[in-house]
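Work through the exercises below with the sequence and the 3D view open. Try each task before reading its solution.

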Amino acid sequence: MRSRILVGLICGSAGGFLGWLLQENLLDYNAFLEQDMPAYATRILVLCVGGLIGLWLGAVDGIVEGNTRKLARGLLVGLFGGILFGLIGFFFGNAIFNALGGRADSMSGEGLFGFARQVIARSFGWAGLGAGLGVGASLATLSPRRIWHGALGGFLGGFLGGFVFDILAITMNPVHQALGEPGLRDVGGQSRMVGFTAIGGLTGFFIGLVEEWMKQAWVRVLVGRNEGKDFILSRPMNILGRDERCEVPLYGDMNVAPQHAAIRADDNRHVLMDAGTPVGTLVNGQRVPPGGELLLRDGDMIQIGTHRILFREKATAARFARDPVDAPRSQPPVPSGVPMPAHLCPFCGAPKDAAGHCQCSVVGSPGWGPGWSQPGLEAYTGAPRHPMPGGQDVAAAGGTTMPRLVGVEGPYAGQVFLLNNPVTFLGREPDKDIVLSADTTVSRNHARLVNEQGRFVLYDNGSANGTFVNGMRIAMQVLAPGDLVQFGASKFRFE
């Protein structure tokens with residue numbers, strides 16, 4: 001969101017400065033010193049200043065999101081909206097200016113009280129112009145809430161921009177007198193430059209700031225093409241997908257449908273709606289039923305294809321830190337309280353053979369034999385362990401598997417990595433215990449798994465793309481059988 005505020009400030013300032021430069025070359029203000037500005041001059045002023053500020057502010061969303069469709073629409077709508085609503089705002093502002101006792105000649109010599117009244121009148125007058133520009137620049141969003149935010153932000157920006165106008169005019173008057181410029185001359189050029197630039201820049205700044213203050217829900221892309229960017233959920237229905245017209249565009253993954261899912265506003269809460277695509281939508285590692293709905297809460301992790309999206313909501317934001325996993329932890333596929341029959345594996349649910357093997361068992365080879373022991377691993381299943389040479393091992397009795405990571409998604413899907421060391425390091429570097437060199441999204445020294453008295457604890461080593469357990473990013477997490485662990489684009493099941 002900070003980038004949107006900064007881009008709004010820069011774009012608005014550029015539009016205001018260019019508008020000032022254009023209208024200064026088209027209008028001769030010295031001709032209006034002893035009369036009110038004629039209608040044609042007013043239209044030229046608003047056309048230049050309002051049109052260019054609206055044009056540049058309308059481009060903010062397209063620039064921030066890198067969306068060419070939004071950029072083109074914002075430029076077009078912002079230009080005409082800035083002219084139309086800028087003209088409306090100018091006339092309302094001029095009426096306020098006159099009602100508050102403002103004078104076209106700011107050098108009226110009425111003393112401190114008169115000058116203060118002039119500054120206040122000018123500020124409220126320009127606030128009307130700023131509100132109109134904010135509405136015009138926000139029309140391209142097609143969101144009533146964001147249009148209201150634009151009006152409020154433009155009002156604040158215009159007020160501060162108008163505040164400096166007469167102050168600068170008073171400051172520059174002695175300079176013109178010292179230069180010996182004869183006759184009655186316009187001294188408002190510099191103040192108009194600063195004022196119009198300020199009204200544009202502050203309008204863009206306050207539009208972003210007001211949106212930040214008043215937003216109810218937003219999402220942040222953690223992994224994907226728009227990584228690190230925030231998208232405010234300001235519409236009643238916010239579409240997520242590969243289409244450029246989506247409120248949350250997800251580019252770069254052909255598994256993502258053009259309109260993959262939606263987040264619907266329900267009062268101050270939000271509901272995720274799955275569109276029934278083959279890839280599906282996951283929340284906290286659990287798949288949303290195809291075509292189904294799920295009530296979201298602050299901190300939920302949404303996965304669509306390779307994109308990971310953090311959902312934020314003020315209505316359910318915790319005042320204190322809570323468990324990073326917002327959904328119940330994944331459990332073996334057995335209902336709680338129902339004993340698992342002895343002939344079935346508690347992990348994969350498949351029947352065991354005469355030797356106790358099942359579908360998830362690692363079968364021994366002739367090269368393995370007794371003589372290698374691993375202290376501390378007995379606590380995991382109660383059976384003594386015999387690691388095999390080269391970092392592989394199996395249980396001594398009946399083919400019972402030792403703790404391991406089973407690849408379920410990504411470059412290592414279907415591969416098994418046994419955890420036969422007290423500390424197991426994972427990363428792309430070739431000296432790691434588990435080398436994930438085929439996944440370029442994995443850091444060189446990504447994470448480590450530590451056997452702490454029979455409990456396996458996963459630590460993230462400050463990786464760039466993070467370590468996730470059941471869809472939530474973690475710094476440290478005690479693992480339980482069935483947990484889904486992800487490093488980069490590689491996902492594993494802990495068994």
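The exercises go from the whole chain to a pocket, a helix residue and two sets of strands; the model is predicted.

**Exercise 1. The whole chain**

Task: State how many helices and strands the protein chain has, and what share of its residues is buried.

Solution:
- Start with the secondary structure. The chain comes to eight helices and 24 strands.
- Next, take burial. Of the 495 residues, 48% are buried.
- Then look at the surface. About 22900 Å² is accessible, and carbon and sulfur atoms hold 62% of it.
- Finish with contacts. Among those between residues at least 6 apart in sequence, 54% join residues at least 24 apart.

**Exercise 2. The second largest pocket**

Task: Describe the lining of the second largest pocket by position, by element and by residue class.

Solution:
- Begin with the space. The second largest pocket holds about 450 Å³.
- Locate its centre. There are 28 lining residues, and Arg4, Asp61, Glu65, Thr141 and Arg146 are the closest to the centre.
- Assign the elements. At least two lining residues each come from α1 (2-26), α2 (39-58), α3 (60-65), α4 (68-99), α5 (111-138), α7 (189-214) and β2 (230-232).
- Pick the main contributor. α7 gives the largest share, four residues.
- Sort by class. The lining has 12 charged, nine polar and seven nonpolar residues.

**Exercise 3. Val164**

Task: Decide whether Val164 is buried, partly exposed or exposed, and find which residues distant in sequence it touches.

Solution:
- Place the residue. Val164 sits in helix α6 (residues 144-178).
- Apply the cut-offs. Buried means under 20% and exposed means over 50%. Val164 has 26% relative accessibility, so it counts as partly exposed.
- List the contacts. Leaving out residues up to four places away in sequence, Val164 touches Val194 and Gly195.
- Check one distance. Val164 and Gly195 are 31 residues apart in sequence, yet their C-alpha atoms are 6.5 Å apart.

**Exercise 4. A five-stranded sheet**

Task: Give the strand order of the open sheet that contains β5, and explain why β4 and β9 are edge strands.

Solution:
- Write the order. The five strands run β4-β3-β5-β6-β9, and the pairing is mixed.
- Find the edges. β4 (248-249) and β9 (293-295) each have a single partner strand, so one side of each lacks a neighbour in the sheet.
- Take the parallel pair. β3 and β4 are parallel, with two bridges. Here Gly241 is opposite Pro249.
- Move to β3 (residues 237-241) and β5 (residues 261-266). They are antiparallel, joined by four bridges. Leu240 has Ala261 as its bridge partner.
- Go on to β6 (residues 269-274). It pairs antiparallel with β5 over six bridges. Asp266 lies opposite Arg269.
- Inspect the turn. The hairpin of β5 and β6 has two residues between the strands, and Asp267 has a positive phi near 60 degrees.

**Exercise 5. Strand β10**

Task: Say which residues of β10 lie on each face, and which strands pair with β10.

Solution:
- Recall the rule. Side chains in a regular strand alternate between the two faces of the sheet.
- Apply it to β10 (residues 301-304). Met301 and Gln303 are on one side, Ile302 and Ile304 on the other, and all are buried.
- Name one partner. β7 (residues 282-283) pairs antiparallel with β10 over two bridges. Val283 is bridged to Ile302.
- Name another. β11 (residues 307-313) is antiparallel to β10, with four bridges. Gln303 is opposite Arg308.
- Close with the turn. In the β10 and β11 hairpin, with two residues between the strands, Gly305 takes a positive phi near 60 degrees.

How values were computed
Residues are numbered from 1 along each chain as its sequence is written. This is a predicted model: local features need pLDDT of at least 70, side-chain atom pairs count only at pLDDT 80 or more; totals for chains, interfaces and linings use all residues. Side-chain values use heavy atoms; hydrogens and water are left out. On a 1 Å grid over the protein atoms alone, a cavity is a set of points where a 1.4 Å probe fits but cannot get out, and a pocket is an open set with protein on both sides within 12 Å along at least five of seven lines; lining residues have an atom within 4 Å of a point. Grid points are joined across faces, edges and corners, and a volume is the space filled by probe spheres set on the points. Ala, Val, Leu, Ile, Met, Phe, Trp, Tyr, Cys and Pro count as nonpolar, Asp, Glu, Lys and Arg as charged, and the others, Gly among them, as polar. Buried means under 20% relative accessible area, exposed over 50%, partly exposed in between (1.4 Å probe, protein chains only). Contact means heavy atoms within 4.5 Å. Accessible areas come from the Shrake-Rupley method with a 1.4 Å probe; for residues, only the protein chains shown count as cover. Two strands pair if DSSP finds at least two bridges between them.
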